[in-house]
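Here's a quick tour of a protein model, one spot at a time. Have the structure open while you read.

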Amino acid sequence: MVRKALTGNHAISYAVKLVKPEVIAAYPITPQTSIVEKLSEMVESGELDSTMIRVESEHSALAACYGAALAGARAFTATSSQGLLYMHEVVHWVSRARIPMVMAVVSRTINAPWNIWPDHSDFMDQRDAGWIMAYAMDNQEALDLTIQAFKISEDPEVYLPVMVGIEGFILGHTTMPVEIPDEELVREWLGPRRQPYVVDGSSPIGVGGLTMPEETEDIFHGIQESMESAKRVIERVDREYGRMFGRSYGGLTQCYRCEDADYLAVSMGAWSGDLMEAVNKLREEGYRVGVLRLRFYRPFPREDLLEHAGRSKGVVVFDRAVSFGAWGPIFADLVASLAERPEKLPALSNIVAGIAGVNITSEDFEKLVKRFIESVEKGEKPVYFEWFRKR
Amino acid sequence: MAQARPKPPIPYDMRDSFLPGDAACSGCPIPMGWKVVRAALGEKTVFVIPACCSSVVVGVYPGQSLNSSIVHVPFAAAPSVASGIAEAYEKRGLRDVNVVVWAGDGGTADIGMASLSGAAERNNNIIYIMYDNEAYMNTGIQRSSSTPRGAWTTTTPVSGKTEQKKDVAKIMIAHDVPYVATASVAYPHDFYSKLQKARSIRGFKFIQLHAPCPVGWRFEPQYTVKVARLAVETGLWILYEYQGRRLTLSGPSRPYLDPSKRKPVEEYIRMQGRFRNIPPEALEDIKRSVELNWEWVKKLI
Ligand SMILES: Cc1ncc(C[n+]2csc(CCOP(=O)(O)OP(=O)(O)O)c2C)c(N)n1
Ligand code: SF4
């Protein structure tokens, strides 16, 4: 094991190097580009024995990875924003074919106008695509999650592609110390590639051909069921990873000071760190509040939310994306989860913020969480939905 | 003119490669082409097929009329999926599997053009076959950039197509790939030997297969081969191979280097309902493009 100062993007490149997928295909886009640049450098210098397909678009990047994965290879790609949208057709194709592979999403807001700053809109835009969707909070987790993603994806109880998100620039281009596990150990832990079927010419097989509604529905229903089993697999993989490499995060969610909390702030991604800082301050002031951070958005951690949010007095959800005309996507799913036990519904509030890269500080979080708690304590109805803007 | 028999002849197991139960219209050129591809390339062939008539012709799950592996892919994705498969085989040391893209003219000349160009430029080890039925047949006969001038389609319903046919084989030649050829469903032996040639070459191979569609071109289904043959005999569709920066005229087209041997273009046009209302200037334009095409061939042979 070595320790290196790495940007989030390079942490992902190093994770890929440890895994050594046979095929990598990617197309440049800010803020993802430095992942594929680093990987190209590793491949050309002989440090990494992977085949790099230098495609002409993101649609082709994912298509090439799909082909490689069908043919029995581990495959990896990475993209952002417009690139992710451009490959969206293939995003669905891969999961519906139940082909394991891994993609890094370095989040950047969806354009127009041209804007390269991060929010979660590109990531959230993929939420119905049948991929396992993970999101890291720091560079170390970006590396760990990328390695774990291959293990989760290839688990026979899952057999679904996995995307790992980080925010561009905030993590993508910010350097932090990162522990890099031993390469041999990672490979040993991953074992040989596993997938439900292989197209290698050894016997005739048809993939993705014309299928009647009932049989097609069976396939899609299978994805829904595997999403449920994936919850167990994700937790198991996280525990195993902890034993092997010394870091464990707690599965689908991370619970920060929420064991004894009366109030819960829910978030995902790098700004959760700022939120935790705010919570520390509020704790000092006597507010019993904790953070529940989503590490996985799909499968949605319904059980974790029921357990933690279901026994709290109030839950405030911070979304860094918005479904125009409705709410933040995490909030919508959270409310749907809690509605399973309507008798225990806590006070609820959704704050959409940090859109298009607007910077949200721990002071902002402190103010917003405090306002929420105080309104509940006073017996007032808290703000149900607010788009928090700084101008 | 008598046609020389290629050696070796097409094996009789050709029929075993295409099984009963396909969903093709009668007279469809697709199974004709598949039989030859499968006979030439053998069982260890993976067909990558984007959205097109062939996705339907192959039949409905769990059946499959083509006795090979088939990977169905999004409309614009075939060349890139095939690139990924080919690179994975390379990495895994699987050298005896042929990766074939089988795509229509729409999937090739229009929506798939960028990914086709990308795979060609990267020289990925695949055989790309564009079966050219000169329109989007799967969605009900809409124009493609490979539809000839003057042809009726459902998106050129009144005046016929006003633009000329895009010449994809020439575009592929401009990519300087190791092998480019044209073929026709009317000449299976010629197509067979081209496939064998393509198989022996590493890198990107492109074959444009002229494939008359009775439904879209408006002729009786028993005339598919006749229409395809007339395209060659009128000199309108020229069979050639391009390799090592040289063009070789293929046997069936050789006589037509001499314009006096060519049948009148009208014979071909008159057989097809899609040209029923062809404006005279469009017909002249087609004739002119035949001449220009032969001029181009002469420069390269
Ligand atoms: C992205 C996308 N756009 C449109 C379609 C609809 N579509 C399916 S097949 C087809 C036309 C195919 O035409 P061509 O490639 O010429 O093959 P043919 O059907 O003539 O055999 C179209 C437009 C699609 N499947 N995907
Ligand atoms: S429309 Fe034409 S190409 Fe399509 S299946 Fe029918 S005959 Fe074949």
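## A polar contact in chain B

First, a bit of vocabulary: a polar contact is a pair of N or O atoms within 3.5 Å, and within protein one of them must be able to donate a hydrogen and the other to accept it. Keep in mind that this is a predicted model.

Now look for Asn293(B), which sits in helix H12 (residues 280–300) of chain B. Its side chain makes a polar contact with the side chain of Lys170(B), at 3.0 Å. What else is Asn293(B) in contact with, leaving aside its neighbours within four places in sequence? Besides Lys170(B), the list holds Asp167(B) and Ile238(B).

## Two helices that cross

Stay in chain B and find helix H2 (residues 29–41) and helix H8 (residues 188–200). Their axes are 9 Å apart, and the two pack at an angle of about 40 degrees. That makes H2(B) and H8(B) oblique to each other, because an angle counts as roughly parallel only under 35 degrees and as roughly perpendicular from 65 to 115. The crossing is right-handed.

On the H2(B) side, the residues that meet H8(B) include Gly33(B), Val36(B) and Leu41(B). Among their counterparts in H8(B) are Phe191(B), Gln196(B) and Arg199(B). Sort the residues of this contact by type and you get nine nonpolar, two polar and one charged.

## Where the chains meet

How many residues does each chain bring to the contact? Chain A gives 37 and chain B gives 36. Together they bury about 2,800 Å², with 64% of it on carbon and sulfur atoms. On chain A's side, Glu56(A), Pro204(A) and Leu210(A) supply 19% of the area that chain A buries against chain B, more than any other three residues.

Terms used: Residues are numbered from 1 along each chain as its sequence is written. Chains are lettered from A and ligands numbered from 1 in the order in which they are written. This is a predicted model: local features need pLDDT of at least 70, side-chain atom pairs count only at pLDDT 80 or more; totals for chains, interfaces and linings use all residues. Side-chain values use heavy atoms; hydrogens and water are left out. Axes are lines fitted to C-alpha atoms, for helices over the stretch in contact, and angles run from 0 to 180 degrees between N-to-C directions. Helices (H or I, at least four residues) and strands (E, at least two) are DSSP runs, numbered from the N terminus. Angles under 35 degrees count as roughly parallel, over 145 as roughly antiparallel, 65 to 115 as roughly perpendicular and the rest as oblique. A crossing is left-handed if the near helix is turned anticlockwise from the far one by less than a right angle, and right-handed if clockwise. Contact means heavy atoms within 4.5 Å. Ala, Val, Leu, Ile, Met, Phe, Trp, Tyr, Cys and Pro count as nonpolar, Asp, Glu, Lys and Arg as charged, and the others, Gly among them, as polar. Buried area is the accessible area (1.4 Å probe) that two parts lose on being put together, summed over both.
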